[in-house]
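Thanks, everyone. Let me walk you through one structure. Please have a look at it first.

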Amino acid sequence: MAKLILSMDGLVLKEISLTKERTTIGRKPHNDIQIDNLAVSGEHAVIVTILNDSFLEDLGSTNGTVVNGNPIKKHFLQNNDVIELGKYKLKFVGEPAPVAGAEKADFEKTMVLRPAAMKAAAEQARAMSGGSAPQVAGAARATASQQAAASATAAGIADKDAKPAAPPAAKPAQPLGSIQLLSGSNAGKELELSKPLTTLGKPGVGVAVLTRRPQGYFITHVEGANRPTVNGQQIGAAPHALKDHDVIELAGVKMEFFLKA
Amino acid sequence: MDLTQTLEITSCTDPGMVRSHNEDSVAADAARGLVVLADGMGGYNAGEVASGMATTVIVTEMQQVLANARPYDVDPRTSQEIAARLLREQVLKANTSIYQAAQSQPQYAGMGTTLVVCLFYDNRVLVAHLGDSRLYVLREGKLKQVTRDHSLLQEQIDSGLITPDQAKNAQHKNLVTRALGIDPSVEPEMHEYRTKPGDIYLLCSDGLCDMVDDDDIGMALQALGGNLKLAAQQLVQMANDNGGRDNVSVILVRVLREYPAARGVMAKVFAWLK
């Protein structure tokens, strides 16, 4: 819930939650926020709150409304905006942007687009166009789709600081790992571990997979009687975290894991 | 026919990194070649109830009807195999159960679930689905999506409004156009495909395919195909590493060998002896 903090000369007088769709500010007593000061007009300004967004509008006041030092007629309130009315100051504290989760997660929850909605849209389209049936059906489908998309978009925008619903999971920068073969016929060869997973070994003898995860690299035994060893220790069934310069032995081949700067 | 030795089945379900509830539900009956995955929706715990009802009803009902019949039996009236009819009937039963529960109990109002069911028999797989839970198959190293989502996004792709690339960043991924338990009647989409030994079938909820690229899913299945359990865990882990914003569920089914239906005279004798 967004709120306003009323203060004068740095002294906090009160806090007002923006619960109503319209919150009026003025000198007269019927205002939601009454400021009894002659510099404030009877009906000075109004704050319209729609979902999480609040807009401030000056109602033709004598001395005007100032936000962050600039006189405004209409203003989309941002967190920490300061509204000045004569000597009084109103600080706008927006609703904290929902931390990934909470509301956003709710929005992402699977929902059914009921055929009824499609039908209603179809009837609407039919009433409007009165065109031939197949065209209408097509249009209706498109309308229903658009409506749903629009409502989805609206919901997305209503979410303050809306990012695209699915921000592509940014892979955190992490050092690239690599392995160098220490024995066998390919000794000296190096293999960069740039893929999310890399398999090593011989099928039937011993296969392990190296997975690249945000936390770092892990080695897991996949199949075969020979479990890989890390620094001489055989690994279990669970993934084993790899550290820089660990020596892996798999199916008789030794290799060193290291991280590149 | 017992398929326990023919199909290797493993499943993994996880609430993900953001949600506290797991509204997905998975069930499998290896002997009858049946796997079911459902992704529930609805407030409070209604989603879990809906998906749980879907998997339980379908598995138990199928077990009952398959106790006295085989999926490749031919219905004398329609001269068609009964598999599709049986599966469809059980899906409709699940629909009715969920719908009635939602109607009679206010806390379940509006609940529903997506569904993907596979029934393996006679070297084939019968697939029924509703909503945006998917079936993929890995065959000869290539991953292919088998089902087509019943979702607004898919309809927009089909009608050419957006390209599949744009769809990846679309906002309304969550709107499905068909689901179980929402309306008194429903029509599951059903298809039948031939299976080959070595195929790996992947059933998953949108928590996987929204978070992990198809390419990466294919790579994981290919790399870890030797260890199905690990592959399932790896897929869930990849979804969680990428953010895990939704519940993630996967069922993996590997076809180990051919499993043709026994239709000959000998089969009849054996069946009679049983």
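Let's start at B:Leu203. It has 27 C-beta neighbours inside 10 Å, so B:Leu203 counts as buried. Keep in mind throughout that this is a predicted model.

Where does B:Leu203 sit? In strand β12 of chain B, residues 200-204. Which residues does B:Leu203 touch? Leave out anything up to four places away in sequence, and the list is B:Val35, B:Leu37, B:Val116, B:Cys118, B:Leu135, B:Val250 and B:Ile251. There is a long reach in sequence here too. B:Ser11 is 192 residues away along the chain, yet the C-alpha atoms of B:Leu203 and B:Ser11 are separated by 9.1 Å.

Now B:Cys118, one of those contacts. With the same sequence exclusion of up to four places, B:Cys118 touches B:Val35, B:Val125, B:Val127, B:Leu135, B:Tyr201, B:Leu203 and B:Val253. So which core do these two belong to? The largest nonpolar core, with 103 residues. B:Cys118 and B:Leu203 are among those with the most contacts inside it, together with B:Leu235 and B:Val250. Helix α1 of chain B, residues 46-67, gives the most to this core: ten residues. Apart from that core lies another, of 15 residues. Its members include A:Ala2, A:Leu4, A:Ile25 and A:Val40.

On to helix packing. Two packed helices are described by the angle between their axes and the distance between the axes. First pair: α1(B) and helix α2 of chain B, residues 83-104. The axes come within 9 Å and cross at roughly 140 degrees. The crossing is right-handed. Who meets whom? From α1(B), we have B:Ala50, B:Met53, B:Ala54, B:Val57, B:Ile58, B:Glu61, B:Met62 and B:Val65. From α2(B), the partners are B:Leu86, B:Gln90, B:Val91, B:Lys93, B:Ala94, B:Ser97, B:Ile98 and B:Ala101. By class, the contact of α1(B) with α2(B) has twelve nonpolar, two polar and two charged residues.

Second pair: helix α6 of chain B, residues 214-224, and helix α7 of chain B, residues 228-241. Their axes also come within 9 Å, and the crossing is at roughly 155 degrees. That angle is why α6(B) is roughly antiparallel to α7(B). The crossing of α6(B) and α7(B) is right-handed. On the α6(B) side, the contact uses B:Asp216, B:Ile217, B:Ala220, B:Leu221 and B:Leu224. On the α7(B) side, it uses B:Leu230, B:Ala231, B:Gln234, B:Leu235 and B:Met238. That gives eight nonpolar, one polar and one charged residues. Note B:Leu235 in that contact. It also came up among the residues with the most contacts inside the largest core.

Let's put the two chains side by side. How many helices and strands does chain B have? Eight helices and 13 strands. Chain A has three helices and 22 strands. Burial next. Of the 274 residues in chain B, 53% count as buried. For the 261 residues of chain A, the figure is 24%. Then contact range. Take contacts between residues at least 6 apart in sequence. In chain B, 70% of them join residues at least 24 apart. In chain A, 32% of them do.

Now B:Glu189. Is it buried, partly exposed or exposed? It has 14 other C-beta atoms within 10 Å, so B:Glu189 is partly exposed. B:Glu189 lies in strand β11 of chain B, residues 189-194. With neighbours up to four places away left out, B:Glu189 touches B:Ala128 and B:His129. The C-alpha atoms of B:Glu189 and B:His150 are separated by 9.2 Å, with their positions 39 residues apart along the chain.

Last topic: backbone. Most residues other than glycine have a negative phi. Here are two with a positive value. Phi of A:Asn231 is near 50 degrees. A:Asn231 is in the loop between β18 (229-230) and β19 (233-234) of chain A. A:Asn231 has 10 other C-beta atoms within 10 Å, so it is exposed. In chain B, phi of B:Ser79 is near 50 degrees as well. B:Ser79 lies in the loop between β4 (74-75) and β5 (80-81) of chain B. With 7 other C-beta atoms within 10 Å, B:Ser79 is exposed.

That's my tour. Happy to take questions.

Methods. Residues are numbered from 1 along each chain as its sequence is written. Chains are lettered from A and ligands numbered from 1 in the order in which they are written. This is a predicted model: local features need pLDDT of at least 70, side-chain atom pairs count only at pLDDT 80 or more; totals for chains, interfaces and linings use all residues. A nonpolar core is a set of buried Ala, Val, Leu, Ile, Met, Phe, Trp, Tyr and Cys residues joined through C-beta atoms within 7 Å. A residue is buried if 20 or more other C-beta atoms lie within 10 Å of its own, exposed if 12 or fewer, and partly exposed in between; C-beta atoms are placed from the backbone. Helices (H or I, at least four residues) and strands (E, at least two) are DSSP runs, numbered from the N terminus. Two residues are in contact if their C-beta atoms, placed from the backbone, lie within 7 Å. Axes are lines fitted to C-alpha atoms, for helices over the stretch in contact, and angles run from 0 to 180 degrees between N-to-C directions. Angles under 35 degrees count as roughly parallel, over 145 as roughly antiparallel, 65 to 115 as roughly perpendicular and the rest as oblique. A crossing is left-handed if the near helix is turned anticlockwise from the far one by less than a right angle, and right-handed if clockwise. Ala, Val, Leu, Ile, Met, Phe, Trp, Tyr, Cys and Pro count as nonpolar, Asp, Glu, Lys and Arg as charged, and the others, Gly among them, as polar.
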